[in-house]
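Let's take a walk through this fold, going from helix pairs to the core and then to a couple of single residues. Keep the model open and turn it as we go.

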Amino acid sequence: MSLALVAKKDFQDASRSKVLWILSVLYVLLISAMVWAFAEFESLLAGDDAAAAAQQGVSFNLYLFMAGATTLFISATALVVSYKAIAGERESGQLKLLLGLPHSRVDVLLGKVIGRTAVLAAPVVLGFAVALLVAFALGVNVVVTEYAIFALLTVLYALVYVSIVVGVSAMASTTTQATAGAISIFVVLEVLWDLVPTVTLFGYYYITDQSLPVSPAEYPEWYYVVTRLAPTSAYNAARNAVLPKSASVSIDSSSFLLQDWLGFVVLGLWLVVPLLVGYWRFEAADL
């Protein structure tokens, strides 16, 4: 009951953010535009062109078009919504009042995660609903059950990113530290995570005086293993595990480490580990 109260209050407080609502409107417009772009692309790439693309290991579908805009929105908005979740109330002194009530620190931490996830999930679900109507209006073939699975998987991704940022917020003693930590996490996970293995790959072929493979599908296995450890890549792998494969480059590998279902395992680790570390620091903190 205490956990539910914290989550409800946190949802009500966070949902008043004007920035959040502006981002939500932009997301609805963006995701609808991606559905329109897919409809236009589908009309251009048909028949022999589509077959030729499939032979090259390239496949496109609606989920691929929507996922790019969705992951960018969720990762950026999770920072805006969650970085002050605990650090902000700790700095203002409200956290002492909250813990003075019959709430444990576990209740506060998990309640913040649930409340902020609900705040982020609301515009995501709204965007998916509007995008579905746009798809129907444009004549895009959509399997409703698959679309619903895609929406649920995306909410899971939102939960993961909120957990990461709330975990960072729990470790910080000031909003300045929380801001720096959240931005650093975003840069590492969304920019450097793909950049580092790519630079390493190019460097490896340069040092060994070998020719870089023409097709990315021929890159070494370790390259894809590392890139799949980021939350966004894990989300894409998990999507391919439960929905029709949609990737700009299809990887044909029997390696255990490149199985798409492992995306769920990686997402689970990103969900749990930051919260455990955050709770460990939060529990020991002198408020």
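Start with α2 and α7, which run roughly parallel to each other, because an angle under 35 degrees counts as roughly parallel and their axes cross at roughly 30°. Those axes come within 9 Å, and α2 passes α7 in a right-handed crossing. Bear in mind throughout that this is a predicted model.

What meets what along this pair? From α2 come L20, S24, Y27, V28, I31, S32, V35, W36 and A39. On the α7 side, the partners are V119, P123, V124, L126, G127, F128, V130, A131, V134, A135 and L138. Sort the residues of this contact by character and you get 17 nonpolar, 3 polar and no charged.

Now zoom out for a moment. The protein has 12 helices and 0 strands, so the pattern along the sequence is simply α repeated, from α-α-α-α-α-α-α-α-α-α-α-α. Of its 287 residues, 43% count as buried. Take the contacts with a separation of 6 or more: residues 24 or more positions apart account for 81% of them.

Next, swing over to a second helix pair, α8 (residues 144–171) and α11 (residues 231–242). Their axes come within 11 Å and cross at roughly 160°. Angles over 145 degrees count as roughly antiparallel, and therefore α8 and α11 are roughly antiparallel to each other. The crossing of α8 past α11 is right-handed. In α8, the residues involved are I149, F150, L153, T154, Y157, Y161 and I164, and they meet P231, T232, Y235, A238, R239 and V242 in α11. This contact divides into 10 nonpolar, 2 polar and 1 charged.

Where do the nonpolar side chains gather? The largest nonpolar core has 54 residues, and L62, M66, I74, F128, Y147 and F150 are those with the most contacts inside it. At least two residues of this core come from each of α2 (18–44), α4 (62–82), α6 (94–100), α7 (105–138), α8, α9 (175–207), α11 and α12 (262–284). The largest share, 13 residues, is supplied by α8. You have already met two of the well-connected residues: F128 sits in the α2 contact of α7, and F150 in the α11 contact of α8.

Pick out L62 for a closer look. Leaving aside its neighbours within four places in sequence, L62 is in contact with V35, F38, V140, V142 and Y147. Apart from the largest core lies another one, of 7 residues, including Y219, Y223, Y224 and V225.

Two single residues round off the tour. S233 has its place in helix α11. Is S233 buried or exposed? Its relative accessibility is 18%, so S233 counts as buried. Neighbours within four places in sequence aside, S233 is in contact with D194, T227 and R228.

D209, by contrast, lies in the loop between α9 and α10 (221–227). With 72% relative accessibility, D209 counts as exposed. Check its backbone too: phi of D209 is near 55°, a positive value in a residue other than glycine.

Conventions: Residues numbered from 1 in each chain as written. Predicted model: local features only at pLDDT ≥ 70, side-chain atom pairs only at ≥ 80, totals over all residues. Heavy atoms only, no water. Axes fitted to C-alpha atoms, helices over the stretch in contact; angles between N-to-C directions. Helix = DSSP H or I, 4+ residues; strand = E, 2+ residues; numbered from the N terminus. Parallel < 35°, antiparallel > 145°, perpendicular 65-115°, else oblique. Left-handed = near helix turned anticlockwise from the far one by under 90°. Contact = heavy atoms within 4.5 Å. Nonpolar A, V, L, I, M, F, W, Y, C, P; charged D, E, K, R; others polar. Buried < 20%, exposed > 50% of the residue type's maximum accessible area, 1.4 Å probe, protein only. Core = buried A, V, L, I, M, F, W, Y, C linked by side-chain atoms within 4.5 Å.
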